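The exercises below go through one structure step by step. Try each task before reading its solution.

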Amino acid sequence: MSKSILTRRGLLKTGAIAGAGLAMPLVFSKGAAAYTNEPKGGSVTLGFNVPQSGPYADEGGDELRAYKLAVEHLNGGGDGGMLNTFSSKALKGNGILGKKVQFVTGDTQTKSDAARASAKSMIEKDGAIMITGGSSSGVAIATQGLCQDAGVIFMAGLTHSNDTTGKDKKANGFRHFFNAYMSAAALGPVLSSAYGKDRKFYMLTADYTWGWTQAASMKAFLEHEGWTMVKDVRTPLATTDFSSYIAPVLNSGADVLILNHYGGNMVNSLTNAVNFGLRDKTVNGKNFEIVVPLYSRLMAKGAGANVKGILGSTNWHWSLQDAGTKAFVKSFGTKYGFPPSQAAHTVYCQTLLYADACERAGTFNPCGVGEALQGFQFDGLGNGPVLYRAADHQCFKDVLVVRGKENPSSEFDLLEVVQKTPVDKVTYKPDNPFFKGGALGQCNPGA
Amino acid sequence: MDAIILQVLNGLDKGSAYALIALGLTLIFGTLGVVNFAHGAIFMIGAFVAVTLNRLLSLSYVTLDPSQKNFLGQPLEVKNAYVVSWFGDSFGNGLINWSVPIAIVVSIPVMLALGFAMERGLIKHFYHRPHADQILVTFGLAIVLQEIIKAFYGANPIPAPAPEAFRGSFDFGVWLGFRPNAIIYPYWRMVYFLFSGIVISGVFAFLRFTTFGMVVRAGMADRETVGLLGINIDRRFTIMFGIAAAVAGVAGVMYAPINSPNYHMGMDFLVLSFVVVVVGGMGSLPGAVLAGFLLGIVESFASMNEIKSIIPGIDQIIIYLIAILILLTRPRGLMGRAGVMED
C-alpha cells in the first residue's frame with residue numbers, strides 16, 4: 001500500500017510548474033496577435049448583437065435585415081446601396097481590406113446582462129472583430145463597456161440616451177444615432193411655434209437612463225421657450241397600463257403632455273392618453289397637446305391612428321429625397337418588400353462606416369480604426385453632411401422633426417417630416433452639462 | 001376627493017381584468033385541482049382573436065393608383081376592403097368599426113375549443129402529478145403559445161380600436177359637481193367594467209341556478225361522492241375548463257382597445273392574477289372577484305404621485321405587501337375554505 005506525502009516545498013514546486021505551463025499559451029498568443037481577434041484567414045467576422053426576442057424583437061429584426069444587406073453590399077453583392085452614394089470611396093465591394101465579410105448574431109433580449117453575455121460569446125468564441133447593435137440605451141452602454149474592456153470596436157445601434165456619448169462614453173465606442181439633447185434642441189422651437197409660448201407641460205418619463213436624459217433635455221429646452229413644467233413623473237419600465245399616471249394630468253393644470261417613452265411604453269401610454277380623450281380637451285383656453293420626443297415608425301404602427309398630428313423627432317425617415325436615402329430605400333425595399341426603419345438605417349450606416357474606417361486606416365486594429373473614425377466628415381448616407389466628433393465619438397447631423405400623418409396613404413406612410421433642424425442648432429460643446437462626467441479614455445486594442 | 005374617486009375608477013377596470021382572469025384560475029383550480037400558469041396566455045390569445053377578426057374584416061384586394069407613388073416610386077397599391085365592396089360603405093365600414101364587440105361572439109367557441117384541446121391534450125395527463133409539475137408544464141405551454149403568437153404577429157403591439165361610438169371619455173367631474181376635467185374616464189373602460197360585471201354574474205348564475213352548475217359545485221366540494229353517484233364529474237370539469245378559458249378569452253377581447261395587444265400581455269397579468277387568487281382564497285370564486293377589484297383599486301392608489309413621493313416604488317410592490325399582510329392574518333385568504341391546498 002503506497003502512501004502519498006504532500007510537503008509544503010513539493011506543493012510550491014508543483015504549483016509553480018503548473019502555473020508556468022498554463023501561462024505559456026497566453027504568452028505566445030499575446031505575442032502572436034497585435035489586437036483582439038486579428039483576422040488571419042481570408043475572412044473577417046462582425047458581431048451583430050440585436051434583440052431577437054423580447055419587446056424590441058421587431059426593431060431587432062429590422063436591424064438584422066439591414067446588417068445582412070450591408071454585408072451583401074460590402075462583399076460586392078446586390079446593387080451596392082449607399083456604397084454608391086457614400087462620399088468616401090475607400091470601399092470597393094471586395095469585403096474589408098480584401099477579406100470577405102462574415103457575421104455572427106447574438107440576441108440581446110433587450111436586457112443588459114443578456115446583451116453582454118452574447119457580445120462576450122461572439123468576441124471569445126466566434127472571433128468577432130467588431131460588435132454592433134442594441135435597441136436600448138441600457139443595453140448599448142453595457143455592451144460598450146464590455147467592448148472597451150475586450151479591445152474591440154463597438155458601433156452603437158439605436159441608443160438615444162445622452163449618457164452613451166456623455167458620462168458613459170468609451171474610446172472604443174461610436175454612435176451614429178442622434179441623442180436626447182438633439183431631439184429636445186430640435187423640438188423646442190418647433191413646439192413653441194406650433195403651440196405658443198405660454199404653455200404648461202407635464203411629463204411621463206421612463207425610469208431609466210434614456211428617460212432621465214430625455215426628460216432633463218426637454219425641460220431645459222422647453223423652459224428656454226418660456227414653457228413651465230408642472231410635473232415630471234417617472235414610470236417604471238414594466239408598466240403596461242398608464243391610466244393611473246394619465247388620469248391626474250388634466251387636473252394638474254397642464255395643457256401639454258410630453259411622453260418620454262419608447263417602444264411598448266410609448267404605444268401604451270399614447271393609446272391610454274388618447275383613450276382618456278386628452279386630445280379633445282381644452283385647458284387654460286388652449287387645445288390640449290401630446291408630444292412624443294422620440295418617434296419610431298415601427299412604434300407608430302403599434303399606436304395606430306393615435307399618432308395622427310402628434311409631433312416628435314426621428315434620426316432618419318425613408319421619405320427623404322437625398323440620393324443616399326433613395327439608394328438605401330430602393331435596396332432594402334426591393335429585397336424585403338417594405339421601407340427600412342430608422343433603426344435599420346443607423347445600423348447599416350454604422351457597418352459601412354466601420355468598414356470604411358478599416359480601409360482608410362489599412363488595419364482592423366481598433367486603435368487605427370478609431371483614429372480613422374474620429375473627426376471623420378462624410379456625406380451620402382442619408383442625413384446630409386455628418387461629422388463623427390473626435391471628442392466624444394458622437395455623430396452630428398441635421399435632426400428631423402416629424403408629425404403623425406393625418407391621412408396616410410399606406411401602412412408605411414405614418415410620419416411626415418415637418419422640419420429638418422440644421423446641425424448647428426443641435427450641436428453642443430463636449431463639456432455641455434448634459435454630457436459631463438466620464439472620460440473617453442484610451443483606445444484598447446486588447447490582445 | 002376628486003383624486004380619490006379618480007383612482008377608484010382607475011382601479012375598477014384593472015380590477016375587472018384581474019377578477020375575470022382570477023375567476024377562471026379559481027374555477028380550474030377548484031374543479032380540476034390544477035394550477036394553470038397558461039391562463040394568462042389564454043387571456044392574450046383572446047385579445048389576438050380581436051386583432052385577427054379586425055384583420056379578417058379588413059382583408060382587401062389591391063388596385064393600383066398611378067396618380068400616387070409607393071416608397072419605391074411605383075404606382076401606389078391601394079387597399080379596398082372586401083366587406084366594403086360587398087356590403088357598401090356604411091355597413092362594411094361599420095363591421096370593421098365594431099370588430100372588437102363582434103370578436104366576443106367569435107371568441108367564445110374559439111376559446112372553448114382551445115380550452116378543451118388544452119385540457120384533453122395536455123393538462124389531464126398531469127392531474128395526479130404534484131403541483132410543481134403542473135406549474136412547470138402549464139408555464140411551458142404559456143411560453144409556447146406566446147412564441148407562436150409572436151411568430152405570426154411580431155413582437156410589437158397591434159392596435160385594435162374600440163368602436164368610434166365608445167372613443168373619448170366621460171367627464172364624471174361635472175356630473176358629480178366638481179369642476180370640468182377633474183374626473184375623466186374613458187367610455188370603453190366603463191364598458192369593460194360593466195361587461196366584467198355581466199360575465200361574473202353570468203358565471204355565478206350558471207353555477208348557482210343550473211343543474212350542471214349544481215353538480216359542478218358538488219364536485220368541487222366532494223368529487224369522490226359525486227362520482228359514486230354515477231355522475232361523470234370529469235366530463236363536467238373538462239367543460240368548466242373550457243368555460244374558464246372562454247371567460248379569460250372574452251376578457252382579453254374586451255381589453256384589446258385599452259392597451260394594444262402584444263404577445264407578452266398574458267404574462268403581465270398572470271402573476272398578479274395568481275396573487276389575486278391567493279389573497280381571495282384558493283378555490284373561492286367570490287374571493288377571487290373581491291380580491292381582484294380590491295387589489296386593482298389599491299394598486300391604482302399606490303400609483304398616485306402623492307403616495308409615491310412618500311414611498312418611492314410602492315406601486316410596484318403594494319399588491320405583494322397586501323398579499324403578505326392578508327396571508328399573515330388570514331392564512332386561507334379573504335374567503336378561503338378549509339382543506340384547500342392544505343394536505
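**Exercise 1. Confidence**

What pLDDT does chain A average, and what percentage of the residues score at least 70?

Solution. The model is predicted, so confidence comes before geometry. Chain A averages a pLDDT of 90, and 92% of the residues score at least 70. Next, look at the two extremes. Helix α1 (residues 8-32) of chain A has the lowest confidence in the chain, with a mean of 50, while strand β15 (residues 395-396) of chain A has the highest, at 98. Then look for stretches with a pLDDT below 50. Residues 1-6 of chain A form one of them, and beyond near neighbours in sequence this stretch has 1 contact in the model. Residues 22-31 of chain A also fall below 50, again with 1 contact beyond near neighbours in sequence.

Now repeat the steps for chain B. Its average pLDDT is 88, and 98% of its residues score at least 70. Within chain B, helix α13 (residues 305-310) has the lowest confidence, at a mean of 80, and helix α2 (residues 39-57) has the highest, at 95. For the complex, the predictor gives an ipTM of 0.80 and a pTM of 0.84.

**Exercise 2. Overall form of chain A**

How many helices and strands does chain A have, and what is its radius of gyration?

Solution. Start with the count: chain A has 13 helices and 17 strands. Its radius of gyration is 24 Å, close to the 22 Å that the globule rule gives for 447 residues, so chain A is as compact as a globular protein of that length. Along its principal axes, the C-alpha trace of chain A spans about 95 × 55 × 40 Å. Of the 447 residues in chain A, 56% are buried. Finally, consider contacts between residues at least 6 apart in sequence: in chain A, 72% of these join residues at least 24 apart.

**Exercise 3. A sheet of 5 strands**

In what order do the strands of the open sheet of 5 strands in chain A lie, and which of them stand at the edges?

Solution. The order is β2-β1-β3-β4-β5 of chain A, and the pairing is parallel. β2 (100-107) and β5 (173-175) of chain A stand at the edges; each has a single partner strand, so one side of each is left without a neighbour in the sheet. On average, neighbouring strands of this sheet are turned by 25° against each other, direction ignored.

Follow the pairs across the sheet.

- Strand β1 (residues 43-50) of chain A pairs with β2(A) in the parallel sense over 8 bridges. A:G47 has A:V104 as its bridge partner in β2(A).
- β1(A) also pairs with β3(A), in the parallel sense over 4 bridges. Here the bridge partner of A:G47 in β3(A) is A:I131.
- β3(A) is joined by 4 bridges to strand β4 (residues 153-156) of chain A, and the two run parallel. A:T132 stands opposite A:M155 in β4(A).

As a last step, sort the residues of strand β3 (residues 130-133) of chain A by direction. A:M130 and A:T132 point one way, A:I131 and A:G133 point the other way, and all are buried. In a regular strand the side chains alternate between the two faces of the sheet.

**Exercise 4. Two residues of chain A**

Is A:A150 buried or exposed? Is A:N444 buried or exposed?

Solution. A:A150 lies in helix α4 (residues 137-150) of chain A. The cut-off for a buried residue is 20 or more other C-beta atoms within 10 Å. A:A150 has 21 C-beta neighbours inside 10 Å, so it counts as buried. Not counting residues up to four places away in sequence, A:A150 touches A:T36, A:I123 and A:G446.

A:N444 is placed in the segment after α13 (423-426) of chain A. With 20 C-beta neighbours inside 10 Å, A:N444 counts as buried. Leaving aside neighbours within four places in sequence, its contacts are A:Q148, A:G151, A:A171, A:N172 and A:P366.

**Exercise 5. Where the chains touch**

How many residues of chain A are in contact with chain B, and which element gives the largest share?

Solution. 40 residues of chain A are in contact with 36 residues of chain B. Elements of chain A that give two or more residues to this side include α2 (57-74), β7 (228-235) and α10 (323-336). The largest share, 5 residues, comes from α8(A). By type, the residues on the side of chain A that touches chain B divide into 18 nonpolar, 15 polar and 7 charged.

Conventions
Residues numbered from 1 in each chain as written. Chains lettered and ligands numbered in written order. Pairing = 2+ DSSP bridges. Axes fitted to C-alpha atoms, helices over the stretch in contact; angles between N-to-C directions. Buried ≥ 20, exposed ≤ 12 C-beta atoms within 10 Å, placed from the backbone. Contact = placed C-beta atoms within 7 Å. Nonpolar A, V, L, I, M, F, W, Y, C, P; charged D, E, K, R; others polar. Rg over C-alpha atoms; globule rule 2.2 N^0.38 Å. pLDDT = per-residue confidence, 0-100.
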